[in-house]
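Subject: Structure for your review

Dear colleague,

I am passing on the structure we spoke about, together with some notes on what was found in it. Please look it over alongside the text below.

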Amino acid sequence: MSAAAAQQRKFCGGIGDNREPPSIALTVKKSDFHFDLPPELIAQTPLPQRSASRLLCVDVPKEEFTDRAFGDLTTLLRPGDLLVFNDTRVLPARLFGRKQSGGRVEILIERVLGGNQARAQLGVSKKPKPDSVFLLDDGTPVRVLGRDGEFFVLQFEGDEALETLLARVGRMPLPPYIEREADNADLERYQTVFAREVGAVAAPTAGLHFDQALLDALSARGVDFGYVTLHVGAGTFQPMRAERLQDHVMHREWLNVGAALCAKIAQTRAAGGRVIAVGTTVVRALESASRDGTVLPFAGETQIFIFPGYRFSSIDALITNFHLPESTLLMLVSAYAGRDLMLAAYKHAVEQRYRFFSYGDAMLILPAQKAVA
């Protein structure tokens, strides 16, 4: 295998990645990550203040849980620590229209492709054939060019640029477990305050807890900030259907890890600071860009699938929201802290009535090698 091919295989991740023992996938099942969640704990709206969320601190070596406030990060983090955020910006990627027969069509853009084309999921009573046309509610014609796996490739045929069209008539693509229509407030609250690179169809939700006042307080404490871009795709909303982990294929997501961040990570580590990922998307980006224990600049796609047995090399702590039962994101945090400990933490969170999922509360996972003193 050429060096270039080996590098591409590394970045694609998934089962077969050279840091994921294939035998693990034969023994761990999706159902091993089930937990019972009362529906009323699924947050349907954000709190009035971003940083007012609760924070469950998980001390991995002590196997202890502490109930804190998210604003307590100003004392939990140390001068010299580096917080790494995902600066992707969510598109108003949900559109509605009608087929020529009159039937309703719902479109969820998965990725803007250029040339007014997009890859998308379609909510229709009958899947359309290539070259069929339907109209958005504002009259813009949309032509089906073909299929790309489970997605459709669409051509938006109006004169308006697709990004402009989405800003004008698109709605925020709230996750399916939020059982209400997106409103004007979601245009701001389903974005992080540092969002700048347009391209996601789901928010990097761990970052939603940070407001400018908290960022300023952390900066004053001596905590540094860095950024990756990973455009979260519509596949993040899809349930994992395969019971056997080796049968699951992750959706593709585009990411960029720049040279400036790589230098910050190296400097932080050299000075004894901690690299703290804000969200699982940051973990997936950094691990996809990591080679032989070093995070290197990379721009491209990843399908990395992280589950117990995986050996992390890029982060020293993790801030994350609470994830769905049997989801790949719960598998990722279980790989970081241990499945039994994570399920115990989730049980504690349910008992203490934490708010779950995108607009819910957060967790700080402090692993053994650099736990808070």
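The notes that follow take up the strands, then two helices, and finally the nonpolar cores.

Please bear in mind throughout that this is a predicted model.

Nine strands, or in numerals 9 strands, make up an open sheet with mixed pairing, in the order β2-β1-β19-β18-β14-β3-β12-β13-β17. At its edges lie β2 (64–69) and β17 (298–302), each of which pairs on one side only, and neighbouring strands of the sheet are turned against each other by 20 degrees on average, direction ignored. Within this sheet, β1 (residues 54–59) and β19 run parallel and are joined by 5 bridges, with Met 363 in β19 serving as the bridge partner of Leu 56.

A barrel is also present, closed by 6 strands in the order β5-β6-β7-β10-β9-β8 with antiparallel pairing, and here the twist from one strand to the next averages 45 degrees. Strand β5 (residues 94–99) pairs with strand β6 (residues 104–114) in the antiparallel sense over 5 bridges, and Arg 94 stands opposite Leu 108 in β6.

Turning to the helices, the axes of α9 (residues 328–337) and α10 (residues 339–351) come within 7 Å and cross at roughly 115 degrees, and the crossing is right-handed. The contact is made by Leu 330, Val 333, Ser 334 and Ala 337 of α9 together with Arg 339, Leu 341, Met 342, Leu 343 and Tyr 346 of α10; by class, these comprise 7 nonpolar, 1 polar and 1 charged residues. Just after α9, Gly 338 takes a positive phi of about 100 degrees.

Because 9 of the 10 residues of α9 are buried, this helix is largely enclosed by the rest of the structure. What covers its buried residues includes α8 (280–288), β18 (317–321), α10 and β19 (362–366). Helix α10, for its part, lies across β1, β2, β18 and β19, and runs at about 150 degrees to β1.

As for the nonpolar cores, the largest has 95 residues, of which Ile 107, Leu 154, Phe 156, Tyr 190, Val 257, Leu 286 and Phe 356 touch the most other members. Apart from that core lies another, of 23 residues, among them Leu 83, Phe 210, Phe 225 and Ile 276. If neighbours within four places in sequence are left aside, the contacts of Leu 154 include Ile 107, Phe 134, Val 142 and Arg 143.

With best regards

Key: Residues are numbered from 1 along each chain as its sequence is written. This is a predicted model: local features need pLDDT of at least 70, side-chain atom pairs count only at pLDDT 80 or more; totals for chains, interfaces and linings use all residues. Side-chain values use heavy atoms; hydrogens and water are left out. Axes are lines fitted to C-alpha atoms, for helices over the stretch in contact, and angles run from 0 to 180 degrees between N-to-C directions. Helices (H or I, at least four residues) and strands (E, at least two) are DSSP runs, numbered from the N terminus. A crossing is left-handed if the near helix is turned anticlockwise from the far one by less than a right angle, and right-handed if clockwise. Contact means heavy atoms within 4.5 Å. Ala, Val, Leu, Ile, Met, Phe, Trp, Tyr, Cys and Pro count as nonpolar, Asp, Glu, Lys and Arg as charged, and the others, Gly among them, as polar. Two strands pair if DSSP finds at least two bridges between them. Buried means under 20% relative accessible area, exposed over 50%, partly exposed in between (1.4 Å probe, protein chains only). A nonpolar core is a set of buried Ala, Val, Leu, Ile, Met, Phe, Trp, Tyr and Cys residues joined through side-chain atoms within 4.5 Å.
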